[in-house]
Amino acid sequence: MVTRIFTHSDCLEHDTPLGHPERADRLRAIEKVLSHDIFDPLERFEAPLADEDAILLAHPQEYRQRVKQAIPAEGRAKIDEDTSVSPRSMDAALRAIGGATAAVDAVFNRECDNAFVATRPPGHHAEKNRAMGFCLFNNAAIAARHAQQQHGAERVAIIDWDVHHGNGTQDIFWDDPSVLYCSTHEMPLYPGTGAESETGAGNICNVPLRRGDGGVAFRDAMDSVILPRLVQFSPDLIIISAGFDAHYRDPLAELTFTEDDFSWATAELMDKAARFCSNRIVSVLEGGYDLEGLALSVAAHVGRLMKG
């Protein structure tokens, strides 16, 4: 497999308060683990700076302006209790969007088989009109719309294994059957959404897990519910909202996945991508707040993307 990674140093400049779990050291931990010589075959690209109009693929213009106006000239400003912005936050966000859309371009243009986008801030909590949960704009949702508008993708599947439910992605695609959104997540937990009964236009598939659940429950959810839905949907592209905070080391939740579980899930999605969409997978970093757990999980995930 030819795997590309997209990242950029601008994403380090999104400054969060001291002690905040979503911090620049997350990307440094990923960069360090992927510097090992086993990852030498990775094709490494800088995430381009997206045009601001790319935001409008998933968010209204008024919302874009509201976020821009919240960004301070110096210091930090709070958008909500968990989400803050600093002077370089818009640049970081546009790199995250640019990395996601460039990855989509690369897999559709057959420049690579799959791609991992190591950027921040994350995106899956960003609703159409609301920034929350460390997220400003919904990178995965924008990537899906970009695939549809620029590459003619008729059906895009977003698989979200972050420990927190991707309420933003669900909100954006709630009534759009051209996008399948499937999520495993701990429940009850922030943001409080993600019940099985939340099905949208029949395109939303939530499989909540319970506190303490580990790889057995995760694999069962994938095998019995999510993978069959993916096969039925027959996507033109698979996007992974790749949060690694379900790892047993993570401080923000209480699922007990290991890096082997993420590797297994990656392999299962690669099998479906080979069957339905010419291997096209774009994986976008979401959560993961214990640096060791994050590094181990990303290494397992990217290593599997590379190996097939």
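Analyst: Helices here are DSSP runs of H or I, at least four residues long, numbered from the N terminus. This is a predicted model. Let's start with helix α8.

User: Which residue follows α8, and what is the sign of its phi?

Analyst: Gly 308 comes after α8, and its phi is positive, near 80°. At the other end, look at Asp 290. One of its side-chain oxygens comes within 3.2 Å of the backbone nitrogen of Glu 292, at the start of α8.

User: What span should α8 have, and how far apart are its end C-alpha atoms?

Analyst: Use 1.5 Å a residue. Helix α8 has 17 residues, 291-307, so it should span 24 Å. Its end C-alpha atoms are 24 Å apart, which agrees.

User: How many residues of α8 are buried?

Analyst: First the general idea. An α-helix has 3.6 residues a turn, so residues three or four places apart point the same way. Now the case. In α8, 12 of the 17 residues are buried, so the helix is largely enclosed by the rest of the structure. Among the buried ones are Leu 294, Val 298, His 301 and Leu 305.

User: Which elements do the buried residues of α8 pack against?

Analyst: Their partners are strands β1 (3-7), β5 (114-117), β9 (237-242) and β10 (281-285), along with helices α1 (25-33) and α7 (259-276).

User: How should I read the nonpolar cores? Which residues have the most contacts inside the largest one?

Analyst: In soluble globular proteins, nonpolar side chains tend to be buried together. The largest nonpolar core here has 48 residues. Ile 30, Phe 116, Trp 161 and Leu 269 have the most contacts inside it. Helix α6 (residues 215-233) gives the most to this core, with 7 residues. A second, separate core holds 46 residues, including Phe 6 and Leu 136.

User: What does Leu 269 touch?

Analyst: Setting aside residues up to four places away in sequence, Leu 269 touches Ile 159, Trp 161, Met 222, Leu 227, Leu 230, Ile 238, Ile 240 and Ile 281.

User: Now charge. Which residues make a salt bridge between distant parts of the chain?

Analyst: Side chains of opposite charge can pair when their charged atoms come close. The structure has 22 salt bridges. In one of them, Glu 22 meets Arg 120 at 2.8 Å, N to O. Glu 22 sits in the loop between β1 and α1, and Arg 120 in the loop between β5 and α4 (139-151), 98 residues apart.

User: Is Glu 22 buried or exposed? And Arg 120?

Analyst: Apply the cut-off: buried means under 20% relative accessible area. Glu 22 has 1%, so it is buried. Arg 120 has 0%, so it is buried too.

User: Where does the pair of Glu 154 and Arg 155 stand: is Glu 154 buried or exposed?

Analyst: Glu 154 is exposed at 57% relative accessible area, while Arg 155 is partly exposed at 25%. Their closest N and O atoms are 3.5 Å apart.

User: Which residues form a salt-bridge network?

Analyst: Take one more pair first. Asp 271 and Lys 272 meet at 3.1 Å, N to O. Then the network: shared partners join Asp 10, Arg 88, Asp 91 and Arg 95.

User: Which side chain of opposite charge is nearest to buried Asp 213?

Analyst: Arg 210 is, at 4.2 Å, and Asp 213 has no salt bridge. A salt bridge needs the atoms within 4 Å, so 4.2 Å does not count. Still, a polar side-chain atom of Asp 213 lies 2.8 Å from the backbone nitrogen of Arg 210. Asp 213 sits in the loop between β8 (204-209) and α6. Beyond neighbours within four places in sequence, it contacts Glu 254, Leu 255, Thr 256 and Phe 257.

Conventions:
Residues numbered from 1 in each chain as written. Predicted model: local features only at pLDDT ≥ 70, side-chain atom pairs only at ≥ 80, totals over all residues. Heavy atoms only, no water. Helix = DSSP H or I, 4+ residues; strand = E, 2+ residues; numbered from the N terminus. Expected span 1.5 Å × (residues − 1). Buried < 20%, exposed > 50% of the residue type's maximum accessible area, 1.4 Å probe, protein only. Contact = heavy atoms within 4.5 Å. Polar contact = N/O pair within 3.5 Å; in protein donor to acceptor, adjacent residues only side chain to side chain. Core = buried A, V, L, I, M, F, W, Y, C linked by side-chain atoms within 4.5 Å. Lys, Arg positive; Asp, Glu negative; His and termini not counted.
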